[in-house]
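Please read the sequence and the three-dimensional model side by side, since the paragraphs that follow move from the pairing of strands to helices, loops and finally the chain as a whole.

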Amino acid sequence: MTTGDVGKPAGDDRGGRTAFQGAPGAFSHEACLELRPWDEHVGFETFHEAISAVQSGDCDCALIPVENSTIGVVEPAATLVAASGLPVRGDVWRPIRMALMAVDEIELSQIRSVHSHPAALRQCAKTLQNLGLPAVEAFDTAGAARELAESGDRTRAAIAPVAAAEVYGLTVLRNDLQDSDDNRTRFVLLAREPG
């Protein structure tokens, strides 16, 4: 379901720079790759930095998650979008599938903690509780996967998109970790007024 347009306007052959929050392989990065494949995708650690990049003119637009079908409003993203003064050019709901990943040759029974973005952890809260795995907040889903790959820690896992496992060389222990089969997130496209 799409309201507005997050794609390229008819007759516009220019590539631009789309800001997103997270590391390569994050859900926002996946949204950029699918919805704006002609653009250069620029990751930022925080939602504030991604939105500021559009305000300053460093990036042409930003794709920001503001609402999730399981947990409701995604904060602080929604508040920052509302306060940004940037027009919302369009929005789109995208399915979100969580994967539990770890370093190679690790079994689920060896995992002692699971790391991910707070919103992702909330979307998997019941499943993690049933597995008896404590959640640890990280700045980003794919960022947690990257940190795990760099550390080689054999006692922790990350929750992120399957693409993050591919990017960082991790093994998926379990797919569809999200509590809801119909887990979706609404992304908005912010862009500066044409000048």
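Two strands are taken to pair if DSSP finds at least two bridges between them. In this predicted model, strand E2 (residues 17-21) and strand E3 (residues 40-44) run parallel and are joined by five bridges. One of the residues involved is Ala 19, whose bridge partner in E3 is Val 42. Helix H1 (residues 27-35) belongs to the same arrangement, for E2, H1 and E3 make a right-handed β-α-β unit.

The next element to consider is helix H2 (47-56), in which Phe 47, Ala 50, Ile 51, Ala 53 and Val 54 are the buried residues. These residues cover an arc of only 150° around the axis, and they therefore lie on the same side of H2. The spacing follows a general rule: an α-helix has 3.6 residues a turn, so residues three or four places apart point the same way. The cover over the buried residues of H2 includes both strands of the parallel pair, E2 and E3, together with E4, H3 and E12. After H2 comes Gly 57, which has a positive phi, near 90°.

Helix H3 (residues 77-84) can be read in the same manner, with Ala 77, Ala 78, Val 81 and Ser 84 as its buried residues. Here the arc around the axis is only 125°, which means that these residues, too, sit on the same side of their helix. The exposed residues Ala 82 and Ala 83 are carried by the face of H3 that is turned away from the buried side. What lies over the buried residues of H3 includes helix H2 (47-56), strand E4 (61-68), strand E5 (72-73), strand E6 (88-95) and strand E12 (184-191). H2 and H3 are thus each part of the cover of the other's buried residues. H3 is followed by Gly 85, and the phi of this glycine is positive, near 80°.

The backbone just before H3 also deserves attention, as do two places further along the chain. Most residues other than glycine have a negative phi, and most peptide bonds are trans. Against that background, Glu 75 and Pro 76 are joined by a cis peptide bond, with omega about 5°, and Pro 76 is found in the loop between E5 and H3. Glu 105, a residue other than glycine, has a positive phi near 65°; its place is in the loop between strand E7 (99-102) and strand E8 (113-116). Glu 105 is exposed, because its relative accessible area is 66% and the cut-off for that class is over 50%. Asp 176 likewise is not a glycine and has a positive phi, about 55°, and its place is in the loop between strand E11 (171-174) and E12. With a relative accessible area of 44%, Asp 176 counts as partly exposed.

Is a neighbour of Glu 105 in the loop, Ile 106, buried or exposed? Ile 106 is found in the loop between E7 and E8, and at 6% relative accessibility it counts as buried, the limit being under 20%. Leaving aside neighbours within four places in sequence, Ile 106 is in contact with Ile 111, Arg 154 and Leu 173. The C-alpha atoms of Ile 106 and Arg 156 are separated by 9.5 Å, although these residues are 50 residues apart along the chain.

Gln 123, which is found in helix H4 (residues 118-123), is buried as well, since its relative accessible area is 4%. Which residues does Gln 123 contact, leaving aside its neighbours within four places in sequence? They are Asn 68, Thr 70, Ile 71, Ile 96, Met 98, Gln 178, Asp 179 and Asn 183.

These local features can now be set within the whole chain, which has seven helices and twelve strands. Of the contacts with a separation of 6 or more, 74% are between residues 24 or more positions apart, and buried residues make up 50% of the 195 residues. The radius of gyration is 17 Å, which agrees with the value near 16 Å that a compact globule of 195 residues would have. Along its principal axes, the C-alpha trace spans about 55 × 30 × 25 Å. The chain exposes about 9,100 Å², of which carbon and sulfur atoms supply 48%.

Definitions and conventions:
Residues numbered from 1 in each chain as written. Predicted model: local features only at pLDDT ≥ 70, side-chain atom pairs only at ≥ 80, totals over all residues. Heavy atoms only, no water. Buried < 20%, exposed > 50% of the residue type's maximum accessible area, 1.4 Å probe, protein only. Helix = DSSP H or I, 4+ residues; strand = E, 2+ residues; numbered from the N terminus. Arc of directions from axis to C-beta. Contact = heavy atoms within 4.5 Å. Right-handed = clockwise from strand over helix to strand, strands pointing away. Rg over C-alpha atoms; globule rule 2.2 N^0.38 Å. Areas by Shrake-Rupley, 256 points an atom, 1.4 Å probe, with all protein chains shown as cover.
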